[in-house]
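Reader: Could you take me through one part of this model in close detail, and then work outward from there? I'm used to thinking at the bench, so please explain how each label is reached.

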Amino acid sequence: MIIPVKTSTGEYNIVLERGALSQLNKHLKLNRKVLIVTDSGVPAEYSKIAAAQCKEPYIVTIPEGEASKCFDNYKMLLGKMVEFGFTRSDCVMAVGGGVVGDLSGFVAASFMRGVDFYNIPTTVLSQVDSSVGGKVAIDFEGYKNIVGAFYPPGAVIIDSDTLKTLPQRQISNGLSESVKMSLTSDEKLFELFENEEIMPNIDPIIEASLKIKRYVVEQDEKEGGLRKILNFGHTLAHAIESENEMQNLYHGECVALGMIPMCADGVKPRLIKVLEKLNLPTTVDYDTDIIIEAMRHDKKMSGDEITVVYVPSVGTFQMKTMPFSELAKEFKGMKQ
């Protein structure tokens, strides 16, 4: 299946097809130098399969984890492109998850003012979310994604067969973002989570999630309005992530927790059942006061109020300004 994406800064195709990793040369221009960026958590065979289809591949493997999305690795990859004699007619390919995609996409956006970038996401989180939308960045001076660009890929190739090597926790971590999108935008997708087995339906889940993300990005590429719905659940999630002692939770697990207070009473029990089905957390055993204090620094705060994405019924959303005390009360109610 091919899902076209058209934005003001470029057009590209998302190819969703089992076995696509072995057929990259059907969709991509690989008869040139290709910098293949992957990380130590991605099976090495994936980048080797990609390299075998390139005329002149160079594989660079960075350490797994968010810490690799840094200026030092950004500089290192640019240095490799200079060392290997890359020109404006060559390209960069990411094979891995969101860290690899963000970092290598920013390298592609910067080298000689921009070279072709191909994204081959191999995690659920990157397949349903981060690989689409054209946001590329690195973390800097302790701030996440503070240095980056809007730089759409030349193509995104999604092969769900790559998910077979993922631990179940990582699959659930990524599916949290699909649940998020279903709550704001697709009641039928949410009902699939409620009523069907997950892995036999992983391809329809990825497809439906991508179509939501595509629609949002096409309408609002640079987050001036509608794209803000993709931040549903992230106010609390970012506060949890900002606390060092919370780092044992993955991003999608934090988002799962962050969605619950942002739903109407009629939605919450349905959401909690889905999260439990996916083995995602629904309660916290941390110091809620610390996390609430971290939320006070959210850029959406204004005085004693905060503006959030709120789900009054499944498949709908509204931007809601609520007293911070109300949000804090909701969150404290999630304490184990």
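**A close look at one residue and its surroundings**

Author: Happy to. Let's begin with Asn73, which sits in helix 2. Please keep in mind that everything here comes from a predicted model. The relative accessible area of Asn73 is 14%, and since buried means under 20%, Asn73 gets that label. Setting aside its neighbours within four places in sequence, Asn73 makes contact with Ile62, Ser68 and Leu103.

Helix 2 also holds Val82. Its relative accessibility is 60%, and because exposed means over 50%, Val82 counts as exposed. So helix 2 carries a buried Asn73 as well as an exposed Val82. Val82 also gives us a step across the fold: its C-alpha atom is separated by 9.2 Å from that of Phe111, a residue 29 places away along the chain.

From there we can look at Met112, in the loop between helix 3 and strand 6. Its phi is near 50°, which is a positive value in a residue other than glycine. With a relative accessible area of 38%, Met112 is partly exposed, because that value falls between the 20% and 50% limits. Asn279 makes a good companion to it: this residue has a positive phi of about 60° although it is not a glycine. Asn279 lies in the loop between helix 10 (268–277) and helix 11 (288–295), and at 60% relative accessibility it counts as exposed.

Now back to the region just before helix 2, and to charged side chains. Side chains of opposite charge can pair when their charged atoms come close. The side chains of Lys69 and Asp139 do so, meeting in a salt bridge with an N to O distance of 3.9 Å. This pair ties together distant parts of the chain: Lys69 is in the loop between strand 4 (56–62) and helix 2 (71–83), while Asp139 is in strand 7 (residues 135–140), 70 residues apart. The cut-off for a salt bridge is 4 Å, so the 3.9 Å pair is counted. Both Lys69 and Asp139 are buried.

In all, the count comes to twelve salt bridges. Another of them joins the side chains of Arg18 and Asp161, at 2.6 Å from N to O. Here too distant parts of the chain are linked, with Arg18 in the loop between strand 2 (10–16) and strand 3 (33–39) and Asp161 in the loop between strand 9 (155–158) and helix 5 (168–185), 143 residues apart. Arg18 is partly exposed at 43% relative accessibility, and Asp161 is partly exposed at 28%.

Lys268 and Asp265 form a further salt bridge, at 3.8 Å from N to O. Its two ends carry opposite labels: Lys268 is buried, with a relative accessible area of 12%, whereas Asp265 is exposed, with 64%. Salt bridges that share partners also join Glu66, Lys69, Asp102 and Asp139 into one network, which brings us back to the Lys69 and Asp139 pair.

Next, empty space. Rolling a probe the size of a water molecule over the atoms shows where empty space is left. Searching the whole structure turns up one cavity of 30 Å³ or more, and the volume of the largest cavity is about 80 Å³. Its lining is made of 14 residues, with Gly101, Asn119, Ser130, Ser131 and Lys135 lying nearest the centre. Helix 3 (98–110), strand 6 (116–121), helix 4 and strand 7 each give at least two residues to that lining. Helix 3 contributes the largest share, three residues.

Helix 7 (residues 202–219) offers a simple check of geometry. At 1.5 Å a residue, its 18 residues should span 26 Å, and its end C-alpha atoms are 26 Å apart, so the two values agree. Among its buried residues are Ile202, Ile205, Leu210 and Val217. The buried residues of helix 7 pack against several elements, including strand 1 (2–7), helix 4 (124–130) and helix 6 (187–195).

Finally, the cysteines. The count of disulfides is zero. Cys254 is in no disulfide, as the nearest cysteine sulfur, that of Cys263, is 16 Å away. At 0% relative accessibility, Cys254 counts as buried.

Technical notes
Residues are numbered from 1 along each chain as its sequence is written. Side-chain values use heavy atoms; hydrogens and water are left out. Helices (H or I, at least four residues) and strands (E, at least two) are DSSP runs, numbered from the N terminus. Buried means under 20% relative accessible area, exposed over 50%, partly exposed in between (1.4 Å probe, protein chains only). The expected span of a helix is 1.5 Å times one less than its number of residues. Contact means heavy atoms within 4.5 Å. A disulfide is a pair of cysteine sulfur atoms within 2.5 Å. On a 1 Å grid over the protein atoms alone, a cavity is a set of points where a 1.4 Å probe fits but cannot get out, and a pocket is an open set with protein on both sides within 12 Å along at least five of seven lines; lining residues have an atom within 4 Å of a point. Grid points are joined across faces, edges and corners, and a volume is the space filled by probe spheres set on the points.
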